[in-house]
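Subject: Structure handover and notes

Hi,

Here is the structure I promised to pass on to you. Have a look at it first, and then read the notes underneath.

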Amino acid sequence: MPEPMTPVSFPPAFLWGAATSAYQIEGAVREDGRTPSIWDTFSHTPGKTAGGEHGDIAVDHYHRYRDDVALMADLGLGAYRFSISWSRVQPTGRGPAVQRGLDFYRRLVDELLAKGIKPAVTLYHWDLPQELEDAGGWPERDTAHRFAEYAQIVGEALGDRVEQWITLNEPWCSAFLGYGSGVHAPGRTEPVATLRAAHHLNLAHGLGATALRSVMPARNSVALSLNSSTVRPVSQGPADLVAARKIDDLANGIFHGPILHGAYPATLFTATEQLTDWSYVLDGDLAAINQPLDALGLNYYTPALVSASDAELAGPRADGHGASAHSPWPGADDVLFHQTPGDRTAMGWSIDPTGLHELIMRYTREAPGLPLYITENGAAYDDKPDSEGRVHDPERIAYLHGHLAAVRRAITDGADVRGYYLWSLLDNFEWAYGYEKRFGAVYVDYATLTRTPKSSAHWYAKAARTGTLPEVDEVF
Ligand code: FCB
């Protein structure tokens with residue numbers, strides 16, 4: 001007889017949350033003074049997103065936020081991570097704030113607090129005001145200063161009622177997909193601009209953290225969310241280890257090096273020396289970036305598997321968020337990406353909770369004593385309502401169970417993981433993939449915008465309520 005499984009239980013203070021981002025859910029792109037961001041421009045450029053889809057309406061959260069918060073309360077969520085649309089608050093990316101834009105977030109936060117849900121604010125989830133891109137975007141140093149000004153505005157407006165702050169979401173995607181492979185806004189394909197963007201995003205984080213702290217109560221927590229990859233070599237051979245190191249530097253070290261340790265990895269400079277001399281890293285930048293953090297957010301979906309290659313990479317390649325003829329990885333044309341083993345989600349991403357455990361343990365070593373949050377984890381599947389209008393998503397339940405169990409194992413192994421935010425609360429605009437990829441625990445009918453919690457939402461609600469993972473085959 002198989003052994004009965006031991007129930008997977010979490011510490012009582014563990015935070016059970018869900019995450020979203022502004023452009024993916026809000027809609028109302030022309031209301032209350034909001035101006036276009038790079039994602040408005042990009043999604044309205046023919047050929048950039050699946051079916052030419054865009055976030056003009058998205059799931060209309062801007063008008064339905066009260067119902068959405070009520071839904072979160074029904075699901076027993078303890079926390080909600082959302083992002084602020086910069087161009088709603090500061091339409092030109094500089095100068096005075098628009099109070100009507102800030103008021104939306106004040107109302108949202110008040111609604112959350114009234115229902116006992118902890119708000120976690122992300123300042124930047126990829127939607128740079130278009131005017132700042134027109135002035136050069138993240139490859140330009142001034143954008144980091146503009147971000148600090150914006151951080152201060154939002155900190156002043158919401159710092160009295162929001163305790164959890166995240167400066168940037170996944171700066172890797174902003175730099176490497178936005179300026180490298182071009183599959184994300186603004187769609188540029190310039191290897192050197194990619195590295196400049198990465199540095200200025202780091203600087204924005206540091207200056208932004210300092211600006212937030214200058215206006216907020218000291219009890220508030222300042223963090224950032226990295227989509228740090230678990231990068232594995234196909235073999236322990238020296239060439240494959242060098243390849244894995246290269247990708248690890250470009251995916252992880254380029255951000256956590258300066259942010260956590262005050263230095264870029266020396267191997268990153270060597271790998272990119274044919275492209276750039278890094279002279280845009282000015283005296284004092286590393287100290288400005290290396291601000292103490294109160295927590296670190298990790299976003300995880302799937303690991304990467306790489307090897308050395310003699311051949312120049314050619315042809316379309318998929319690195320997670322879309323295919324492009326341009327590599328997002330400057331200086332790593334000699335690295336080959338392999339299919340990772342295992343079952344896949346609708347994104348084609350392999351399901352491997354061991355990668356999440358590895359990632360958590362790595363950051364437990366990289367940043368001893370720093371509290372960790374899983375600020376995103378989840379899966380897309382081709383969910384469809386049945387004849388009674390219910391949406392059964394056993395694959396998502398299995399995915400969540402596997403990854404939450406990996407988080408629990410990491411806690412047992414000594415990691416200080418304080419909470420988990422499921423990506424995503426609702427089906428939404430999945431960037432270059434449009435609305436086809438459904439990540440929500442709650443199903444959205446795009447014709448009527450009706451919300452229907454999927455079985456996984458009920459499964460997750462029970463986990464949140466009891467602090468223990470229900471079995472994968474429990475019926476909801
Ligand atoms: C992450 C993004 C999030 C969503 C998920 C699937 O990289 O932060 O907005 O697209 O992937």
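Below is what I found in it, grouped by topic.

One thing to keep in mind throughout is that this is a predicted model.

**Aromatic rings**

Searching the whole structure turns up 38 aromatic pairs. Take Y23 and F429: their ring centres are 5.5 Å apart and the planes stand at 85 degrees, so this pair counts as edge-to-face. The pair links distant parts of the chain, with Y23 in helix α1 (residues 22-25) and F429 in the loop between β13 (417-423) and β14 (442-444), 406 residues apart. Y23 and F429 are both buried.

W172 and F176 make a pair of another kind: with ring centres 5.3 Å apart and planes at 10 degrees, they are stacked, because planes under 30 degrees apart count as such. Here the two residues share helix α8 (residues 171-177) and sit four residues apart, about one turn of the helix. W172 and F176 are buried too.

Ring pairs also build a cluster, made up of Y23, W39, F42, W126, F429, W431, Y435 and Y446. If you are interested in cation-ring geometry, look at R88, whose charged end sits over the ring of Y62 at 4.1 Å from its centre.

**Helices α13 and α14**

Helix α13 (residues 353-366) has 14 residues, which at 1.5 Å a residue should span 20 Å; the end C-alpha atoms are 20 Å apart, in agreement. Which residues of α13 are buried? They are G355, L356, H357, L359, I360, M361, R362 and Y363. The elements that cover them include β6 (231-233), α10 (238-261), β7 (296-299), β12 (372-377), α14 and β13.

The same check works for α14: its 19 residues should span 27 Å at 1.5 Å a residue, and its end C-alpha atoms are 27 Å apart, which agrees. Just after α14 comes G414, with a positive phi of about 110 degrees.

Within α14 (residues 394-412) you will find L404. L404 has a relative accessible area of 0%, so it is buried, the cut-off being under 20%. Leaving out residues up to four places away in sequence, L404 touches F10, W16, Y420, W459, Y460 and L469. By contrast, L158 is 31 Å from L404, C-alpha to C-alpha, and 246 residues away in sequence.

**A partly exposed glutamine**

Q152 belongs to helix α7 (residues 142-158). Is Q152 buried, partly exposed or exposed? Its relative accessible area is 31%, so Q152 is partly exposed. Apart from neighbours within four places in sequence, Q152 contacts A211, S214 and V215. For S214, the C-alpha separation from Q152 is 7.8 Å, although their positions lie 62 residues apart along the chain as counted by number.

**Cavities**

The structure has five cavities of 30 Å³ or more, and the largest has a volume of about 80 Å³. Lining the largest cavity are A120, Q164, W165, I166, S221, A223, A295, L296, G297, Y373, T375 and Y421. The elements giving two or more residues to this lining are β4 (164-169), β5 (221-226), β7 and β12. Of these, β4 gives the most, with three residues.

Happy browsing!

Conventions:
Residues are numbered from 1 along each chain as its sequence is written. This is a predicted model: local features need pLDDT of at least 70, side-chain atom pairs count only at pLDDT 80 or more; totals for chains, interfaces and linings use all residues. Side-chain values use heavy atoms; hydrogens and water are left out. Rings of Phe, Tyr and Trp (its six-membered ring) pair if their centres lie within 6.5 Å; planes under 30 degrees apart count as stacked, over 60 as edge-to-face and the rest as tilted. Buried means under 20% relative accessible area, exposed over 50%, partly exposed in between (1.4 Å probe, protein chains only). A charge sits over a ring if NZ of Lys or CZ of Arg is within 6 Å of the ring centre and within 35 degrees of the ring normal. Contact means heavy atoms within 4.5 Å. The expected span of a helix is 1.5 Å times one less than its number of residues. On a 1 Å grid over the protein atoms alone, a cavity is a set of points where a 1.4 Å probe fits but cannot get out, and a pocket is an open set with protein on both sides within 12 Å along at least five of seven lines; lining residues have an atom within 4 Å of a point. Grid points are joined across faces, edges and corners, and a volume is the space filled by probe spheres set on the points.
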